[in-house]
Amino acid sequence: MSEETKLREEICRIGASIFERGLTAGSSGNISARAPDGGWLMTPTNISLGRLDPARLSKLDAAGKLASGDAPTKESFLHRTMYEERPSAGAVVHLHSTHSVAISCLDGLDPADVLPPITAYYVMRVGRLPLVPYFRPGDMALAEAVRGFAGKHHAVLLANHGPVVAGTSLDAAVNAIEELEETAKLFLLLRGAKTRFLTAAQVAELLAAFPS
């Protein structure tokens, strides 16, 4: 089995797991990964992550043009922007996960760092999470807005939309976006309660030990 065939099957397996656990609904959410021979594999447009076909995944060449498979996600430009700004990225995941989207709709949050350091694993896997201003879906201006953050942050939250996370591998990107969703859930559960977050010193220690 070739490396690309393995990667295609892994994308579909992870997509099904994400969908079955309710981390995205309908045909929302998209996944991409660097192809072993260059370019990218992406989930197609208007396809549920729960019903992906390895043979029909979109294969884009190094210039971002469709080489084979179905038409790519309409948000392929977000993925390409993350890859362009983060050469070490091996995969990008974008979801409309409920709790993260809920956070993206709240008023009064710090746009430079949306969620507080509730747990060590959030700091280790996500770090700081900036809020990207709202743009309508498909607006190419969103790509440039994301570009302004992607060089310094491997995870961003799109206002009234959802998270986009890059990782060195597919597993790393998925683990980070799932940690983000769980932290968003915790944040909403803890609202109004007297809460002890990690201190600045504890966060600095984690970031030094586990650089993203």
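**Group meeting talk: the sheet, its central strands and two helices**

Let me start in the sheet, where isoleucine 31 stands opposite valine 93 in strand S5, pairing here being a matter of DSSP finding at least two bridges between two strands, while the strands themselves (E, at least two residues) and the helices (H or I, at least four) are DSSP runs numbered from the N terminus. Please keep in mind that this is a predicted model, in which local features need pLDDT of at least 70 and side-chain atom pairs count only at pLDDT 80 or more, whereas totals for chains, interfaces and linings use all residues. Residues are numbered from 1 along each chain as its sequence is written, and side-chain values use heavy atoms, with hydrogens and water left out.

The sheet is open, has eight strands with mixed pairing, and follows the order S4-S3-S2-S1-S5-S8-S7-S6. Its edge strands, each of which pairs on one side only, are S4 (66–68) and S6 (131–132).

Turning to S1, residues 30–34, we find four antiparallel bridges to S5; besides the pair I opened with, asparagine 30 has histidine 94 as its bridge partner, and serine 32 has valine 92. On its other pairing, S1 is joined to S2 by three bridges, again antiparallel, with arginine 34 opposite tryptophan 40. These two strands form a hairpin with five residues between them, and glycine 38 in the turn has a positive phi of about 100°. Four of the five residues of S1 are buried, so this strand is largely enclosed by the rest of the structure, where buried means under 20% relative accessible area, exposed over 50%, and partly exposed in between, with a 1.4 Å probe and protein chains only.

What covers the faces of S5, residues 91–94, is a fair thing to ask next. In a regular strand the side chains alternate between the two faces of the sheet. In S5 both faces are covered, with Ala91 and Val93 buried on one side and Val92 and His94 buried on the other. S5 also pairs with S8 (residues 162–167), in the antiparallel sense over four bridges, and there histidine 94 stands opposite valine 164.

Now to the helices. H6 lies across S1, S5 and S8, running at about 145° to S8; axes are lines fitted to C-alpha atoms, for helices over the stretch in contact, and angles run from 0 to 180 degrees between N-to-C directions. The axes of H1 and H6 come within 11 Å and cross at roughly 15°, and these helices are therefore roughly parallel to each other, the bands being under 35 degrees for roughly parallel, over 145 for roughly antiparallel, 65 to 115 for roughly perpendicular, and oblique for the rest. Leu7, Glu10, Ile11 and Ile14 in H1 meet Leu170, Asp171 and Val174 in H6, contact meaning heavy atoms within 4.5 Å.

Finally, the largest nonpolar core has 34 residues, of which Ile11, Ile31, Leu115, Leu129 and Leu170 touch the most other members; such a core is a set of buried Ala, Val, Leu, Ile, Met, Phe, Trp, Tyr and Cys residues joined through side-chain atoms within 4.5 Å. H1 (3–20), S1, S5, S7 (155–158) and H6 (170–190) each supply at least two residues of this core, and H6 gives the most, with eight. Apart from it lies another core, of 19 residues, among them Ala143, Val156, Leu158 and Ala166.
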